[in-house]
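User: Please choose one part of this model and take a close look at it, starting from a single residue and working outward to whatever surrounds it. I would like one connected account rather than a list.

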Amino acid sequence: MSIASRAMVLWLLAGLMIWVVPGCDRGPSASQAVPEAAQAEPQRPARPAVTLSTDGTAGATIVIPAAPSDDETLAAEELKTFLDRMMGSNFSIVKDSAPIEGTIISVGKTAMAADITAAIPDAMIGPEQIRLLTRDGNLYIAGNDAGALKGTVFATYELLNRLGCRWYF
């Protein structure tokens with residue numbers, strides 16, 4: 001490995017450590033005064049709660065379309081795998097043609113998400129943009145999957161990231 005390559009690897013590792021090491025937010029130090037108005041947290045509207053798991057028991061069912069695309073299938077399988085690991089539960093994946101009771105996690109263009117996905121068709125959003133939405137105690141995950149795009153898969157990874165799942169390579 002050349003000296004330039006070693007320097008690049010060290011620079012990349014140092015850059016990653018800045019983002020991974022807690023306390024490296026580069027915010028104002030204790031000696032700097034922060035105006036009181038800037039310290040106040042902005043008020044956000046309350047989001048409806050969706051219970052995914054309670055005491056190691058899955059509290060939701062992952063739902064995919066009756067004829068899922070490869071990306072919708074991958075997204076649902078990845079979601080199940082990592083939710084099972086994170087919550088110690090056994091989530092199930094069912095097609096939306098089956099009867100479903102309780103909380104749902106809709107992945108892709110399911111029949112129950114028709115009004116949500118129709119409201120913002122793939123042509124109206126940018127490439128690989130995503131939609132994460134809670135409505136009536138259910139969670140909807142979708143994205144722009146037009147052509148070779150993988151919006152639903154990216155939406156699933158974004159949700160897992162927001163729930164605290166991390167991948168280290």
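Analyst: A convenient starting point is Thr 61, which, once its neighbours within four places in sequence are left aside, is in contact with Ser 92, Val 94, Ile 100, Glu 101, Thr 103, Ile 104 and Ile 105. Everything said here refers to a predicted model. Thr 61 lies in strand E3, which covers residues 60–64, and with a relative accessible area of 16% it is buried, because the cut-off for that class is under 20%.

From this residue the view widens to the strands. E3 pairs with E5 in the parallel sense over 4 bridges, and within these two strands Val 63 of E3 stands opposite Ser 106 of E5. E3 is also joined to E4, again in parallel, by 3 bridges, with Ile 62 standing opposite Ile 93 in E4.

Strand E5 deserves a closer look. It is largely enclosed by the rest of the structure, because 5 of its 5 residues are buried. The burial applies to both faces of E5, since Thr 103, Ile 105 and Val 107 are buried on one side, and Ile 104 and Ser 106 are buried on the other. E5 is further joined to E7 by 3 bridges, the two strands running parallel, and here Ile 105 stands opposite Leu 139 in E7.

Beyond E7 the sense of the pairing changes to antiparallel: strand E6 (residues 130–135) and strand E7 (residues 138–143) pair in that sense over 6 bridges. Within this pair, Leu 132 stands opposite Ile 141 in E7. E6 and E7 form a hairpin that leaves 2 residues between the strands, and Asp 136, in the turn, has a positive phi of about 55 degrees.

Taken together, 5 strands make up an open sheet of mixed pairing, in the order E4-E3-E5-E7-E6. E4 (93–95) and E6 stand at the edges with a single partner strand each, and therefore one side of each has no neighbour in the sheet. From one strand to the next, the twist averages 25 degrees. Helix H3 packs on this sheet, where it touches E3, E4, E5 and E7, and its direction makes about 135 degrees with that of E5. H5 packs on the sheet as well, touching E5, E6 and E7, and the angle between its direction and that of E7 is about 135 degrees.

The side chains give a further view of this packing. The largest nonpolar core has 19 residues, and the members that touch the most others are Ile 62, Leu 79, Leu 83, Ile 105, Val 107 and Ile 141. Two or more residues of this core come from each of E3, H3, strand E5 (103–107), E7 and H5, and H3 supplies the largest share, with 5 residues. Leu 79 illustrates how such a core residue is surrounded: apart from residues up to four places away in sequence, it touches Ile 62, Ile 105, Val 107, Ile 141, Thr 156, Leu 159 and Leu 160.

The aromatic rings complete the picture. Across the whole structure, a search finds 2 aromatic pairs. In one of them, the rings of Phe 82 and Trp 167 have centres 5.5 Å apart and planes at 80 degrees, so this pair is edge-to-face. It links distant parts of the chain, with Phe 82 in helix H3 (residues 70–87) and Trp 167 in the segment after helix H5 (151–162), 85 residues apart. Phe 82 is buried at 13% relative accessibility, whereas Trp 167, at 31%, counts as partly exposed. The rings of Tyr 157 and Trp 167 make the other pair, with centres 5.6 Å apart and planes at 80 degrees, so it too is edge-to-face. Here Tyr 157 is in helix H5 and Trp 167 in the segment after H5, 10 residues apart, and Tyr 157 is partly exposed at 27% relative accessibility. Through these ring pairs, Phe 82, Tyr 157 and Trp 167 are linked into a cluster.

Technical notes:
Residues numbered from 1 in each chain as written. Predicted model: local features only at pLDDT ≥ 70, side-chain atom pairs only at ≥ 80, totals over all residues. Heavy atoms only, no water. Pairing = 2+ DSSP bridges. Buried < 20%, exposed > 50% of the residue type's maximum accessible area, 1.4 Å probe, protein only. Contact = heavy atoms within 4.5 Å. Phe/Tyr/Trp six-rings, centres within 6.5 Å; stacked < 30°, edge-to-face > 60°. Core = buried A, V, L, I, M, F, W, Y, C linked by side-chain atoms within 4.5 Å. Axes fitted to C-alpha atoms, helices over the stretch in contact; angles between N-to-C directions.
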